[in-house]
Amino acid sequence: MAIQRPTPTNKEIILDPAKTIVSKTDNKGIIVYASDYFIEISGYSLTELMGKPHNIIRHPDMPKVVFEMLWQSIKAKQNMHAVVKNLSKDGSYYWVMTDFKVDVNPETGNIIAIQASRKAVPKHILPEIEKLYKDLLAIEKEVGMAASVKYLVGFLEENNMTYNDWVVKMFAKPEESKQKKGFLGKILGGKAANNDGSFFSKYFNS
Ligand SMILES: Cc1cc2nc3c(=O)[nH]c(=O)nc-3n(C[C@H](O)[C@H](O)[C@H](O)COP(=O)(O)O)c2cc1C
């Protein structure tokens, strides 16, 4: 049964920071598993989700280039982090930091499944993400996809990082209130965790 695309509202769903939203797809992005918290937040029932393309929760505010990167990364069998704004069935939205894990059959080298684990995005880093995504979306609409890719490459080059590095760095960013507590916080800033974000350079340098 086809599902009607919801009309986005400006209502935000506040996620429980302790909970993880999990889903799993086949190699084409068809949902084969959704956790209880995924079901609760998305607003769809399990049977509405099973067998559906994962773009069922795609929010129109998301720039295409992010999903382009995701699929390039999946094809290269590399894990990836991405910040995504999702749309629930009632039109409300929620921001998530997603870890995509590509499960490969070691014998055949084929992709068995892709798992996505999502956590709430801390409020203090949202403005930076929203600004970049808004710019990318406007470029995609008014200039085109190729220009959006070039802009994103330029943005990351300026910051000397891959998209994965950018995500990891933002999540390591301390809240301003904590930063103000002592001069050490200001000097040290956020410490980026290790990550395997090499796919981006491979994708765009080819
Ligand atoms: C495991 C997995 C999880 C995904 N999770 C999301 C998600 O939470 N939100 C989303 O918009 N797209 C997600 N996608 C990407 C979608 O498959 C799709 O590429 C994206 O929504 C763009 O759809 P479109 O090409 O129809 O615009 C996921 C893909 C995979 C493989």
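How many helices and strands are there in the chain? There are nine helices and five strands, and keep in mind that this is a predicted model. Going from the N terminus, the elements come in the order β-β-α-α-α-β-β-β-α-α-α-α-α-α. The chain has 206 residues, and buried residues make up 22% of them. If you take the contacts between residues at least 6 apart in sequence, 56% of those join residues at least 24 apart.

**The sheet**

- The five strands make an open sheet in the order β2-β1-β5-β4-β3, and the pairing is antiparallel.
- β2 and β3 are the edge strands, so to speak: each one pairs on one side only.
- On average, neighbouring strands here are turned by 30° against each other, with direction ignored.
- As a bit of background, strands of a sheet pair through backbone hydrogen bonds, in either a parallel or an antiparallel way.

**Strand pairs, going across**

- β1 (21-25) joins antiparallel β2 (31-34) through three bridges, and T25 sits opposite I31 in β2.
- These two strands form a hairpin with five residues between them, where G29 takes a positive phi near 85°.
- On to β1 and β5: this antiparallel pair has five bridges, with S23 standing opposite A116 in β5.
- β4 and β5 also run antiparallel, and nine bridges join them; D103 stands opposite A113 in β5.
- Eight bridges link β3 to β4, again antiparallel, and H81 is the residue opposite D99 in β4.
- β3 and β4 make a hairpin as well, with five residues between the strands, and G91 in the turn has a positive phi of about 95°.

**Burial and helix packing**

- Seven of the eight residues in β3 are buried, so to say mostly covered.
- β1 is mostly covered too, with four of its five residues buried.
- α3 packs on the sheet and touches β3, β4 and β5; its direction makes about 135° with that of β3.
- α6 lies across β3 and β4, and runs at about 75° to β3.

**The nonpolar core**

- The largest nonpolar core counts 26 residues.
- Inside this core, the residues with the most contacts are A82, V83, W95, V96, M97, V121 and V167.
- Which elements each supply at least two residues of this core? They are β2, α1 (36-42), α3, β3, β4 (93-104), α4 (126-142) and α6 (163-171).
- V167 is a handy residue to click on: leaving aside neighbours within four places in sequence, V167 is in contact with H81, A82, V83 and M97.

**Around the ligand**

- Of the 15 residues around the ligand, those that come nearest are G29, H54, N55, R58 and A116.
- Two or more residues of the shell come from each of β1, α3 (64-75), β3 (80-87) and β5 (111-120).
- By type, the shell divides into eight nonpolar residues, six polar and one charged.
- Two of the nearest residues have already turned up above: G29 belongs to the hairpin of β1 and β2, and A116 in β5 is the residue opposite S23.

Technical notes. Residues are numbered from 1 along each chain as its sequence is written. This is a predicted model: local features need pLDDT of at least 70, side-chain atom pairs count only at pLDDT 80 or more; totals for chains, interfaces and linings use all residues. A residue is near a molecule or strand if its C-beta atom, placed from the backbone, lies within 6 Å of it. Ala, Val, Leu, Ile, Met, Phe, Trp, Tyr, Cys and Pro count as nonpolar, Asp, Glu, Lys and Arg as charged, and the others, Gly among them, as polar. A nonpolar core is a set of buried Ala, Val, Leu, Ile, Met, Phe, Trp, Tyr and Cys residues joined through C-beta atoms within 7 Å. A residue is buried if 20 or more other C-beta atoms lie within 10 Å of its own, exposed if 12 or fewer, and partly exposed in between; C-beta atoms are placed from the backbone. Two residues are in contact if their C-beta atoms, placed from the backbone, lie within 7 Å. Two strands pair if DSSP finds at least two bridges between them. Axes are lines fitted to C-alpha atoms, for helices over the stretch in contact, and angles run from 0 to 180 degrees between N-to-C directions.
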